[in-house]
Amino acid sequence: MAKLRDGLLLGCGNPLLDISATVDETFLAKYDMLPNNAILAEEKHMPIYKELIDNFKADFIAGGSVQNSFRVAQWILQRPKVSVFFGCVGRDQYSEILSQKAITDGVDVQYQFCPDTPTGTCAVLITNTQRSLCANLAAANKFTIDHLKSSASESLLQNAEYFYISGFFLTVSVESILTVAKHALSRNRPFMMNLSAPFIPQFFSDNLAQALPYIDILFGNETEALAFAEQQKMGTEDLKQIGLNISNLPKLNAARRRVVIITQGSDPVLLIQDDKVTEFPVEKLEREQIVDTNGAGDAFVGGFLAQLVQEESYETCIKCGIWTARQIIQRSGCTFEGVPDFKA
């Protein structure tokens, strides 16, 4: 087991304050939203945040995909500041809540502050056990490469050995992603990304194509993998074949073959490595045990990363990811408590 230290894991993403509430199907329909989907807010979605706060029992939870994964990883590791997180927020009450929550959970937050734009928010609509996300990136959209190029950030980049960025960040700063990716490549350190949502491969395929050659480990769920396969005209809906195809797409670091990990809810997690597909069963929870699925994917990655930075096997990483996701979906939002008791 590798020795843990400050700043071992570094990531960029969109820090968002989740405004989470249980709603019905008609509320989803009102805002033209689908269950179990993630979208970027358009003009028609803007009233949703106030409506959730005014008319529903909304919870405020520190969110944003990478920040969630790092909070979860820190919970598993039980040692603060192993992870460093970059993202942009406003100077307001929401960023104070976000920062306080992330720091309490052990993440070393290195926010860029945008004084004239509010902190990003994400409406988390829970229907039964499904979750639908609508993100208003606001300040998160204003992240710039300058923040990564400061001397403080540079030293954090040099110090890190594992790099993780969400697909969502492809809509914000491809330049920043490529800076981190090229740095990881130059040091032969793992660079990891997540497909994040079907709209990323569908509508930001050019940005994804720029990052893809650098990606050593790619995460995605079944709907994201299918969207990617369709966009790439793979001509198959077989997830194992899709994973194999993705693993063999052109790659810059020949020393590391691309690993692809596809989650499928309560169906087995697929590990695609060295032209082999390994399935990891997921023990199904009873329906009444599931509170909501919000953050399940982020939690899976968090559990995975917590083991990876300790140089554990992919098998252990995936088993921890499954265990962690199971814990998270039995609670509201991407939250946790107590000391984790994961056993490899």
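**A pocket, a helix and two cores**

Let me start with the second largest pocket, which is lined by 16 residues, those nearest its centre being Asn-37, Ala-38, Ile-39, Leu-40 and Glu-42. A pocket here is an open set of points on a 1 Å grid over the protein atoms alone, where a 1.4 Å probe fits, with protein on both sides within 12 Å along at least five of seven lines, and lining residues have an atom within 4 Å of a point. This is a predicted model, in which local features need pLDDT of at least 70 and side-chain atom pairs count only at pLDDT 80 or more, while totals for chains, interfaces and linings use all residues. Residues are numbered from 1 along each chain as its sequence is written, and side-chain values use heavy atoms, with hydrogens and water left out.

Strand E3 (38-40) and helix H8 (199-203) each supply at least two residues of that pocket's lining, where helices (H or I, at least four residues) and strands (E, at least two) are DSSP runs numbered from the N terminus.

Turning to helix H10 (residues 222-231), we find Glu-224, Ala-225, Ala-227, Phe-228 and Ala-229 buried, meaning under 20% relative accessible area with a 1.4 Å probe, protein chains only. After H10 comes Lys-233, with a positive phi near 55°.

Finally, the largest nonpolar core has 58 residues, with Phe-86, Phe-163 and Ile-165 among those having the most contacts inside it; such a core is a set of buried Ala, Val, Leu, Ile, Met, Phe, Trp, Tyr and Cys residues joined through side-chain atoms within 4.5 Å. Helix H7 (residues 174-187) gives the most to this core, six residues, and apart from it lies another core, of 49 residues, including Leu-9 and Phe-342.

Conventions. Buried means under 20% relative accessible area, exposed over 50%, partly exposed in between (1.4 Å probe, protein chains only).
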